[in-house]
Amino acid sequence: MKHIAYLPYWYFQNRLLKKEKPLQTVLFLTDYCNLKCKHCSEDGHAGTIMKPYRQVKEELEYSYRQGARFLDLEGGEPTLWSDGGYRINDLIYLAKKIGFYSVTVTTNGQRPFDYLAADSIWVSVDGYKRYHDMIRGAGTFDTLNRNIKESGLKNISVNMAINKMNYPSVPDVIKYAAANPSIQSVSLNFHTPYPGTEHMMLPWDKRIHVIDKIIQMKRDGYTVMNSVSGLQCMKRHDFKKFCWISNFILTDGTRLAECPGKTAGLCERCGFSMAGEMHSLMKLRPDTVLAGLKLRMREE
Ligand SMILES: C[S@@+](CC[C@H](N)C(=O)[O-])C[C@H]1O[C@@H](n2cnc3c(N)ncnc32)[C@H](O)[C@@H]1O
């Protein structure tokens, strides 16, 4: 709870005094992956880099000095990360020792993950059953579903990337998450067209339609992490971005003050719902502030 006190301090420093320092770090550990998802760009699963422990330690210390207190470990498949005897939990303990308040891991859940010491685990569900398998490979939904059940964990959330292939399945993913006692919430994002994956992007009129459906289900009581204000933003190309709230450290060690999508010139076609959430947070929209606080308190 005491960590929540950092948030108004951070807001004052970075929004009002315009320092623009991160609150969260997205740190890529490896580009090794055990899947080749249709929507993932080639370099997302190239299988060439496993960052050394020492490098990750320097990157965590750097991000902490920048002001970040929340960490998301990404890949590739981050649970595949190793360096000698070190495994992903050693990085989670290290981040906590450095001072990060919470650590999340995003995984495809194709291997058991009950051992993960993260505060929160994000599993990627890119559609219900056949939709997920269409994108991630035959049998991947059942494997993920089994590993969720067998994990016995209660700190799992779902991340869905909505694209041209899986958008009809959004309501079923929301219902699946609601019916699963291990799953706390679902976060809905749209496909961002990184090079080679442009064909997966959902046309804008369909995006608006899907957002309206999500808002309706949220109002009907389904647990959706996105705030209504954040979702409304995601209907527009041109809202002001505050994406410096997350810094990114890529697999090749590149340190970016903002999302790699900005470097790639994709902001106007961005699908990452955090962009809408960050905008609404900076504008102090009450529903977004509440959604953010709920998420952070749950993670701690
Ligand atoms: C890159 S994956 C890495 C972590 C892990 N291997 C997994 O599958 O969850 C992290 C998340 O980004 C999403 N993602 C990948 N490419 C995307 C894109 N172009 N636009 C939006 N989301 C994307 C994935 O669906 C997944 O939920």
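Visitor: What makes β2 and strand β5 count as a pair, and in which sense do they run?

Guide: This is a predicted model. In it, four bridges link β2 to β5 (residues 102-107), in the parallel sense. Two strands pair when at least two bridges are found between them, so four bridges are enough. Asp72 shows where the two strands meet: Thr104 of β5 stands opposite Asp72.

Visitor: How do you know that strand β1 also pairs with β2?

Guide: The same test applies: at least two bridges are needed. Between β1 (residues 24-28) and β2 there are five, again in the parallel sense. One residue to look at is Thr25, whose bridge partner in β2 is Leu71.

Visitor: What kind of unit do β1, helix α2 and β2 make?

Guide: They make a β-α-β unit, and its crossover is right-handed. Helix α2 covers residues 53-66. Point the strands away from you and follow the path from the first strand over the helix to the second: clockwise earns the name right-handed.

Visitor: Why is strand β2 called largely enclosed?

Guide: Count its residues. β2 spans residues 70-74, and five of the five are buried, so the rest of the structure largely encloses this strand. Buried here means under 20% relative accessible area.

Visitor: Which residues show that both faces of β2 are covered?

Guide: In a regular strand, side chains alternate between the two faces of the sheet. Phe70, Asp72 and Glu74 lie on one side of β2. Leu71 and Leu73 lie on the other. Each of these residues is buried, and both faces are covered.

Visitor: Why is Asn89 called buried?

Guide: Its relative accessible area is 13%. The cut-off is under 20%, so Asn89 qualifies as buried. Asn89 sits in helix α3 (residues 88-98). Beyond four places in sequence, it touches Tyr115, Leu116 and Ala117.

Visitor: What makes Asn89 and Tyr115 a polar contact, and which atoms lie 2.8 Å apart?

Guide: The backbone oxygen of Tyr115 and a polar side-chain atom of Asn89 are 2.8 Å apart. The limit is 3.5 Å, so this distance passes.

Visitor: Which other residues of α3 are buried, and what covers them?

Guide: Besides Asn89, the buried residues of α3 are Ile88, Leu91, Ile92, Leu94, Ala95 and Ile98. Their cover includes α2, β2, β4 (86-87) and β5. Just after the helix, Gly99 takes a positive phi of about 130 degrees.

Visitor: Is Ser182 buried or exposed?

Guide: Buried. Its relative accessible area is 6%, and under 20% is the test, so the label holds. Ser182 lies in the loop between α6 (170-179) and β8 (183-190). A polar atom of its side chain is 3.3 Å from the backbone oxygen of Leu153. Contacts of Ser182 beyond four places in sequence are Ile148, Leu153, Lys154, Asn155 and Ile156.

Visitor: Which residues come nearest to the ligand?

Guide: They are His39, Gly76, Ser124, Asn159 and Thr192, out of 18 residues around the ligand. β5 and β7 (156-162) each supply at least two residues of the shell.

Visitor: Which polar atom of Gly76 is 2.8 Å from the ligand?

Guide: A backbone atom, set against a nitrogen atom of the ligand. His191 offers a polar side-chain atom at 3.4 Å from a ligand nitrogen atom. For Thr107, a backbone N or O atom lies 3.5 Å from an oxygen atom of the ligand. The cut-off is within 3.5 Å, so that distance still counts. Taken alone, the ligand exposes 550 Å², and the protein buries 89% of that.

How values were computed
Residues are numbered from 1 along each chain as its sequence is written. This is a predicted model: local features need pLDDT of at least 70, side-chain atom pairs count only at pLDDT 80 or more; totals for chains, interfaces and linings use all residues. Side-chain values use heavy atoms; hydrogens and water are left out. Buried means under 20% relative accessible area, exposed over 50%, partly exposed in between (1.4 Å probe, protein chains only). A polar contact is a pair of N or O atoms within 3.5 Å; within protein, one must be able to donate a hydrogen and the other to accept it, and residues adjacent in sequence count only if both atoms are side-chain atoms. Contact means heavy atoms within 4.5 Å. A residue is near a molecule or strand if one of its heavy atoms lies within 4 Å of it. Accessible areas come from the Shrake-Rupley method with a 1.4 Å probe; for residues, only the protein chains shown count as cover.
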